[in-house]
Each structure stands twice: as C-alpha cells, then as structure tokens.
Amino acid sequence: MKVGVVLGTGHGEKGTTGAVVDDLLTRMRQRTDVELDLVRTDELTLGPSCPACLACMTAGEQACPNSDNAAPARAVMDAADLVIFATPVHSFTLSATMKRFVDHFAYLIHRPRYFGTPAVLVSTAAGAGHDAALGYLKTAIRRWGFHTVAELGVNGPGLEKAPYRAKVDRALDEIASTAVQAVRDGGEPTPTTSDLIGFRVARLLVESGRDDGPVDAAYWDERGWFDADWFTDAKVPRVANTVAGFVEGRIRKGIANGSAKPYRG
Ligand SMILES: Cc1cc2nc3c(=O)[nH]c(=O)nc-3n(C[C@H](O)[C@H](O)[C@H](O)COP(=O)(O)O)c2cc1C
C-alpha cells in the first residue's frame, strides 16, 4: 500500500506531529505492507505565500512560478493509495506552511483529481484548536477529491499521562484498521449535500472563468462535468441534489442581481 504523508511542521519526523504519524504508520505496517512517501511542507520552496497570480487556474498548474518546487508534493499525492495530512495546531488552526501548501494547490478546487483516494487527518497541539485545523483541512482536501476516513487530534503534553496515552493508542489502532480497510475496499463515499453544493459552486466558478483561460473549462469538458450532477459515477442522493440545486439557484441569482448579502458574522 502506497501511503503518502504531508507533514506540516518544521520539527519534522522528530516533532510531536511526526511521532504521532509514525505511531500510526507502525500500526498500519502491522496490518499491511506500507510503501511510504513523505513530504514536509516546510521544505517546499513555495515562496512566502502563494503569488496569487491565478496562472494555475487560467494557464495550468505548470504556469505557477513555484510549480517545479511543488512537484514532490504533487507526486506524493498522485502516487498514494492513501494520504495522511498532519499538522501542528498553530494559533488555533493549521500551521502556516501547511496553509501555504493548501494555497499552492488551489487549482485542484477547479480541477479535482483525487476521487477514490482516502485521507487521514492528524493534528497535535498543546491543548486546543484541533477542530479548526482539522475541519479546515477536511473541507479543503475534499474539494480536491480526497475523502477523509479518520481524524485524530492529539495533545502532546497529555501523552505523558498513561490514561490519555492509552486512549490515543486505541484511537491509533482503530484508525490504522480503518485506513487499511478503506484502501482495500476502494470506492467513493456517497456525496453529501455539502459535496453536491461544492460541485455546483466549482462548476459556476469554472463556467464564469471560461473567458479568462481555457484550462479549467477544458478539464470539465473532457470529463463531461458540465452535464453531470457530481464528479464521479457514485450514486447522487435525490433529496441532497435537490437541496444543492436550490442553493445553486440562490447563489446564481445573488450574483446576477447583486442581491447577495455581505457576510456579517
Ligand atoms: C506558533 C505556535 C502556535 C501554537 N498555537 C497553539 C494553539 O493555538 N493551540 C495549542 O493547543 N497549541 C499551540 N501550539 C503548540 C503546538 O501545537 C504543539 O506543541 C504541537 O504539538 C507541535 O507539534 P510539532 O512538534 O510537530 O511541531 C503552538 C505552537 C507554536 C509554535
């Protein structure tokens, strides 16, 4: 089984996040052969932040000035049967280099490609912020096609206490089994209402960007997605799709008439 790891910490494999990922990999190896491919977001030369030129959307990912530097990360995700995305919690969310990694791959929201590939999400913290860090990662990578099969947020200092350590170990055992089984089973989960809204919003974005550059729209044309309800052959639940259609209608109307309301919290 090819397992890709995207490790979002400057402390590398020796840090708290790296150690938790290592514990998970050890357990996965007890269940199957694991071929590991790891990339550290701190080592990817992606500039201080995404240059925000949008060339990846309009001219293709190779047009990004950081394209070559991101190639190892892309290779890890492309080859993997399962990807572990792991980040320390920094100021109640994911680390800055993990966010920079996500930003680099923003074109995958327009041209998703990882349907059928399961993901496991890991965060470590002193004590708080797993919900925001993992919640964000889960949403972001779903837009790229991955589906999350397990999440684990671990408080580093807690690991010194035997009862907490035992709970983490139990969770790691469970997650290792879930992850290995997800790859063996293959396939895609049934799309949720949120997935179907995401599909329609992506379609709207790609459609409205057609005149800015042909790359996104050509990708959708090739796959017949403009005439579809979802990216894959997975069964689309009728009620969820009706709700998604309604939301899309409201969004389109809001854009066309300027009737959308500014966000006020
Ligand atoms: C800049 C910075 C911000 C942090 N913010 C939080 C936080 O918001 N909540 C928390 O519980 N821990 C926070 N921490 C602690 C780390 O999440 C924790 O030590 C983590 O396990 C480190 O993992 P690593 O060794 O893999 O880098 C922060 C650490 C740093 C360096």
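## Two domains

The domain assignment splits the chain into domain 1 (2-185) and domain 2 (193-257). The model is a predicted one. Taken over C-alpha atoms, the centres of domain 1 and domain 2 are 26 Å apart. Twelve residues of domain 1 and 17 residues of domain 2 take part in the contact.

## Where the domains meet

The size of an interface is often given as the accessible area lost when the parts come together. Here, domain 1 and domain 2 bury about 1,200 Å² between them. Carbon and sulfur atoms account for 58% of that area.

Charged pairs also link the two parts. Two salt bridges are counted between domain 1 and domain 2.

## The largest cavity

How many cavities of 30 Å³ or more are there? The count is one. The largest cavity has a volume of about 70 Å³. Its lining consists of Ile 109, Arg 142, Arg 143, Asp 195, Gly 198, Phe 199, Ala 202, Trp 230 and Phe 231. H6 and H8 are the elements that give two or more residues to this lining. H8 provides the largest share, four residues. By class, the lining of the largest cavity has five nonpolar residues, one polar residue and three charged residues.

Why does the largest cavity lie between domain 1 and domain 2? Both domain 1 (2-185) and domain 2 (193-257) give residues to its lining, so the largest cavity lies between them.

## The largest pocket

The largest pocket holds about 210 Å³ of space. Three elements give two or more residues to its lining: helix H6 (130-144), strand S6 (147-155) and helix H8 (193-208). H6 gives the most, with four residues.

Which residues line the largest pocket? They are Lys 138, Thr 139, Arg 142, Arg 143, Phe 146, His 147, Thr 148, Pro 189, Thr 190, Thr 192, Ser 194 and Asp 195. By class, two are nonpolar, six are polar and four are charged. Arg 142, Arg 143 and Asp 195 line the largest pocket, and these three residues also appear in the lining of the largest cavity.

## Salt bridges

Side chains of opposite charge can pair when their charged atoms come close. A search of the whole structure finds 23 salt bridges.

One of them joins the side chains of Arg 40 and Glu 13, at 2.3 Å from N to O. Arg 40 lies in strand S2 (residues 35-40). Glu 13 lies in the loop between strand S1 (2-7) and helix H1 (16-29). The pair therefore ties together parts that are 27 residues apart in sequence.

Another salt bridge pairs Arg 111 with Asp 216. The closest N and O atoms of Arg 111 and Asp 216 are 2.5 Å apart. Arg 111 falls within the bounds of domain 1 (2-185), and Asp 216 within those of domain 2 (193-257).

Methods
Residues are numbered from 1 along each chain as its sequence is written. This is a predicted model: local features need pLDDT of at least 70, side-chain atom pairs count only at pLDDT 80 or more; totals for chains, interfaces and linings use all residues. Side-chain values use heavy atoms; hydrogens and water are left out. On a 1 Å grid over the protein atoms alone, a cavity is a set of points where a 1.4 Å probe fits but cannot get out, and a pocket is an open set with protein on both sides within 12 Å along at least five of seven lines; lining residues have an atom within 4 Å of a point. Grid points are joined across faces, edges and corners, and a volume is the space filled by probe spheres set on the points. Ala, Val, Leu, Ile, Met, Phe, Trp, Tyr, Cys and Pro count as nonpolar, Asp, Glu, Lys and Arg as charged, and the others, Gly among them, as polar. Domain bounds come from an automatic or database domain assignment. Contact means heavy atoms within 4.5 Å. Buried area is the accessible area (1.4 Å probe) that two parts lose on being put together, summed over both. A salt bridge is a side-chain nitrogen of Lys or Arg within 4 Å of a carboxyl oxygen of Asp or Glu.
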